[in-house]
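Let's take a walk through this protein together, one step at a time. Keep the picture open as you read, and look up each residue when its name comes up.

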Amino acid sequence: MVEELESTFNSVLVPRIDHFDPAKDYSIYETDTADVNNRDLVKTFQKYSFDYLAAYHRLQDSTPISKEGMSVLGIDDGTKRVVAITIPTLRRHRHFFEEELALLKDSIKKSGATSAIIYTINTNESHEEPWIGIDKSVFSGTPCKQLQIVEVPDKLVKEWEDVLAGMEAA
């Protein structure tokens with residue numbers, strides 16, 4: 001069974017299927033289940049965010065590095081930019097932003113990346129996401145010249161919740 005967004009089906013999945021060689025190009029995956037509530041959904045998204053965002057970025061094979069509510073997923077081979085995601089519900093310390101910034105700066109310095117993209121998730125909590133509105137000046141002392149913040153649309157999260165609810169009901 002394959003579950004994918006309509007927008008990437010033709011541009012990502014069809015080309016992969018066309019180049020599929022059943023003799024050598026297959027893997028067996030186990031599935032996970034998650035309760036359909038915001039906290040579990042967000043934790044599940046973080047766990048699988050590497051696979052999800054790999055459809056949009058050519059991420060180098062690496063293990064995501066996490067600190068507080070941020071996971072650095074890797075470096076995009078095509079654009080040489082750091083790809084990260086924030087999960088606000090996983091933030092535990094009052095100084096989480098400084099810890100997330102240090103993680104991101106360290107990843108930029110180690111990779112030599114000249115840009116970074118951070119995906120943020122709206123958890124419908126009363127806290128504002130501190131990365132929204134931040135500019136590249138927070139990366140002074142690094143080679144990073146560009147910062148892009150992408151808010152994962154509520155519509156996407158809602159669609160995902162609906163799919164999981166349907167699967168849970170079945």
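Start with Glu100, which is buried, with a relative accessible area of 0%. Keep in mind that this is a predicted model. Buried here means under 20% relative accessible area, so Glu100 at 0% clearly qualifies. You'll find Glu100 in helix α3, which covers residues 96-111.

What does Glu100 touch, if we leave aside its neighbours within four places in sequence? Glu100 is in contact with Lys67, Glu68, Gly69, Met70, Thr86, Arg91 and Trp131. Pick out Arg91 from that group, since it's our next stop.

Arg91 and Glu100 form a salt bridge, and their closest N and O atoms are 2.7 Å apart. Arg91 has 12% relative accessibility, so it counts as buried too. Arg91 also has a second salt bridge, this one to Glu129, with the closest N and O atoms 3.0 Å apart. That second pair links distant parts of the chain: Arg91 sits in the loop between β3 and α3, Glu129 sits in the loop between β4 and β5 (146-152), and 38 residues separate them. Both Arg91 and Glu129 are buried. Put the pieces together and you have a network of salt bridges that links Arg91, Glu100 and Glu129.

How many salt bridges does the count come to? It comes to three, and we still have to visit the one between Lys110 and Asp106, where the closest N and O atoms are 3.2 Å apart. Why are Lys110 and Asp106 separated by about one helical turn? Because they are four residues apart in helix α3. Their surroundings are another matter: Lys110 has a relative accessible area of 68%, so it's exposed, while Asp106, at 36%, counts as partly exposed.

Now let's look at α3 as a whole. The helix has 16 residues, and at 1.5 Å a residue they should span 22 Å; the end C-alpha atoms are 23 Å apart, which agrees. The buried residues of α3 are Phe96, Phe97, Glu100, Leu101, Leu103, Leu104, Ser107 and Ile108. They cover an arc of only 160 degrees around the axis, so they lie on the same side of α3. Turn to the other side and you'll meet Lys109 and Lys110, which are exposed. Just after the helix, Gly112 takes a positive phi of about 75 degrees.

What do the buried residues of α3 pack against? They pack against the strands β1 (65-67), β2 (70-75), β3 (81-86) and β4 (115-121). Let's follow some of those strands. β1 and β2 run antiparallel and are joined by three bridges, and one pairing to look for is Ser66 with Ser71 in β2. These two strands make a hairpin with two residues between them, where Glu68 takes a positive phi near 55 degrees. Remember Glu68 from the contacts of Glu100.

β2 also pairs with β3, again in the antiparallel sense, over five bridges. Here Met70 has Thr86 in β3 as its bridge partner, and Met70 and Thr86 are both among the contacts of Glu100. The hairpin of β2 and β3 has five residues between the strands, and Lys80 in the turn has a positive phi of about 55 degrees. As for β2 itself, it's mostly covered: six of its six residues are buried.

That brings us to the largest nonpolar core, which has 19 residues. The members that touch the most other members are Met70, Val82, Leu104, Ile108, Ile118, Trp131 and Phe139. β2, β3, α3 and β4 each supply at least two residues of this core, and the largest share, six residues, comes from α3.

Leu104 lets you see this from the helix. Leaving aside its neighbours within four places in sequence, Leu104 is in contact with Met70, Val72, Val82, Ala84, Ile118, Trp131 and Phe139. Apart from this core lies another one, of 11 residues, including Leu53, Ile87, Ile117 and Val152.

Technical notes: Residues are numbered from 1 along each chain as its sequence is written. This is a predicted model: local features need pLDDT of at least 70, side-chain atom pairs count only at pLDDT 80 or more; totals for chains, interfaces and linings use all residues. Side-chain values use heavy atoms; hydrogens and water are left out. Buried means under 20% relative accessible area, exposed over 50%, partly exposed in between (1.4 Å probe, protein chains only). Contact means heavy atoms within 4.5 Å. The expected span of a helix is 1.5 Å times one less than its number of residues. The arc is that of the directions from the helix axis to the C-beta atoms. A salt bridge is a side-chain nitrogen of Lys or Arg within 4 Å of a carboxyl oxygen of Asp or Glu. Two strands pair if DSSP finds at least two bridges between them. A nonpolar core is a set of buried Ala, Val, Leu, Ile, Met, Phe, Trp, Tyr and Cys residues joined through side-chain atoms within 4.5 Å.
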